[in-house]
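Let's take a walk through this structure together, one piece at a time. Please keep the sequence and the 3D view open as we go.

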Amino acid sequence: MNRPFTLLTWNVNGIRARLDDVLSFLAEKSPDVACLQETKCEDKVFPRVPFAELGYTVHIHGAKGYAGVATLSKVKPTEVVLGFRGGDADSACRILNTEIDGLRLYNLYVPNGTALGTEAFTYKLAWLARLKAELAEHCSPAAPVILCGDFNIAPDERDVVDPRALVGSTHFSPEEHAALRELLAFGLQDCFRKHDDRPGQYTWWDYRRADFDRNRGMRIDHVYASAPLYARCESVVHDKTPRGWDAPSDHIPVIASFGGP
DNA sequence: ATGACACGCCGAGCGTGA
């Protein structure tokens with residue numbers, strides 16, 4: 001991407017349940033690339049056509065009723081990899097790895113982890129370690145690389161309401177923080193924190209207890225960039241507008257803007 | 001402390017989410 005571009009990442013919590021929201025948001029913001037998570041549908045029923053009509057090439061990696069990722073781009077990708085490279089297939093449909101106009105873009109839906117001490121939690125940590133290994137083997141931090149999506153980890157105390165209340169809980173454990181640190185040690189930086197050091201800047205709020213109205217959420221949707229792109233990042237916006245629409249996703253869209261090289 | 005919302009499974013609660 002040897003020109004300015006914008007990138008959207010959004011956990012939509014069901015693309016069919018959120019189709020009108022996503023289409024109107026894309027039509028208004030017109031990002032060059034859009035990474036969607038939790039599409040929750042098989043590829044054969046993914047609503048490709050309306051996105052194509054907005055000018056996007058559509059790549060999807062989905063499964064029935066659960067998880068699923070989609071990457072939409074105005075420029076057609078030169079490479080598309082579903083899941084991890086090599087080894088067993090990413091049957092959970094959590095990774096869509098594309099190369100778009102020289103940009104290596106990982107659209108990620110990191111496993112939830114459920115609770116500390118569960119198999120799902122072990123899987124989450126192993127999944128992050130495997131991603132780190134793949135980056136080390138196949139990518140260079142000197143190249144333009146972006147990892148974005150729903151990481152299901154709040155990086156630090158500014159990204160949660162009450163750190164003490166989360167002791168022993170998933171999404172904010174020392175183990176998850178270590179796994180994220182290890183992944184980012186590849187050579188990636190948090191684009192949001194380049195521009196904003198305030199606490200309480202969340203991207204997800206539970207539907208229950210009126211948590212959105214009380215701003216009781218977490219910042220778990222992130223855009224991480226390698227040095228050459230981090231330097232070009234001009235803004236990262238958490239757009240709360242769609243959360244005010246009828247029957248919204250529990251996550252809001254995050255839009256990162258990058259200037260020219 | 002517990003439960004609280006929502007989605008998609010298919011036609012009712014249930015698994016999952018975070």
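Two strands are said to pair when DSSP finds at least two bridges between them. With that in hand, and remembering that this is a predicted model, we can start at one end of a sheet. Strand S13 and strand S14 (residues 254-258) run antiparallel and are joined by five bridges. If you would like one pair to look at, take valine 237, whose bridge partner in S14 is isoleucine 255.

Now widen the view. S13 and S14 belong to an open sheet of six strands with mixed pairing, in the order S3-S4-S2-S1-S14-S13. Strand S3 (57-61) and strand S13 (233-238) are the edge strands, each pairing on one side only. On average, and ignoring direction, neighbouring strands of this sheet are turned by 15° against each other.

Helix H1 (residues 19-29) packs on this sheet, where it touches strand S1 (5-11), strand S2 (33-37), strand S4 (69-73) and S14. The direction of H1 makes about 165° with that of S1. Which residues of H1 are buried? They are Leu19, Asp21, Val22, Leu23, Phe25 and Leu26. The cover over these buried residues includes S1, S2, S4 and S14, along with helix H2 (48-53). Just after H1 comes serine 30, which takes a positive phi of about 50°.

S1 deserves a visit of its own. Six of the seven residues of S1 are buried, so this strand is largely enclosed by the rest of the structure. S1 is joined to S14 by five bridges, and these two strands run antiparallel; here threonine 9 stands opposite valine 254. With S2, S1 pairs in the parallel sense, over five bridges, and leucine 8 stands opposite alanine 34. Both kinds of pairing are at home in sheets: strands pair through backbone hydrogen bonds, either parallel or antiparallel.

Step back along the chain from S1 and you come to arginine 3, which sits in the segment before that strand. Is arginine 3 buried, exposed or partly exposed? Its relative accessibility is 30%, so arginine 3 counts as partly exposed. Leaving aside residues up to four places away in sequence, arginine 3 touches Asp32, Val75, Asp101, Arg232, Gly259, Gly260 and Pro261. For a sense of distance, compare arginine 3 with aspartate 246: they are 243 residues apart in sequence and 36 Å apart in space, C-alpha to C-alpha.

Another sheet comes next. This open sheet of six strands has the order S5-S6-S7-S8-S12-S9, again with mixed pairing. Strand S5 (79-82) and strand S9 (188-190) stand at its edges with a single partner strand each, so one side of each is left without a neighbour in the sheet. Neighbouring strands here are turned by 20° against each other on average, direction ignored. S5 pairs with strand S6 (residues 95-100) in the antiparallel sense over four bridges, and the bridge partner of glutamate 79 in S6 is glutamate 99. Helix H3 (residues 119-138) packs on this sheet, touching S6, S7, strand S8 (145-150) and S9, and its direction makes about 170° with that of S7.

Within strand S7 (residues 103-109) you will find asparagine 107. Why does asparagine 107 count as buried? Buried means under 20% relative accessible area, and asparagine 107 counts as buried because its relative accessibility is 0%. The side chain of asparagine 107 makes a polar contact of 2.8 Å with the side chain of glutamine 37. A polar atom of the asparagine 107 side chain also lies 2.9 Å from the backbone oxygen of alanine 70. Residues that asparagine 107 touches include Cys35, Leu36, Val69, Thr71, Arg94 and Cys148.

Our last stop is the DNA. There are 24 residues around DNA strand B, of which Glu38, Tyr66, Asn112, His171 and Arg209 come nearest. Of the atoms of DNA strand B within 4 Å of the protein, 71% belong to sugar and phosphate. Glutamate 38 places a polar side-chain atom 2.8 Å from a phosphate oxygen of the strand, while a side-chain N or O atom of tyrosine 66 is 2.5 Å from a phosphate oxygen. Arginine 208 reaches a base instead: an N or O atom of its side chain is 2.9 Å from a base nitrogen of DNA strand B. By class, the surface near DNA strand B has nine charged, nine polar and six nonpolar residues.

Terms used
Residues numbered from 1 in each chain as written. Chains lettered and ligands numbered in written order. Predicted model: local features only at pLDDT ≥ 70, side-chain atom pairs only at ≥ 80, totals over all residues. Heavy atoms only, no water. Near = heavy atom within 4 Å. Polar contact = N/O pair within 3.5 Å; in protein donor to acceptor, adjacent residues only side chain to side chain. Nonpolar A, V, L, I, M, F, W, Y, C, P; charged D, E, K, R; others polar. Axes fitted to C-alpha atoms, helices over the stretch in contact; angles between N-to-C directions. Contact = heavy atoms within 4.5 Å. Buried < 20%, exposed > 50% of the residue type's maximum accessible area, 1.4 Å probe, protein only.
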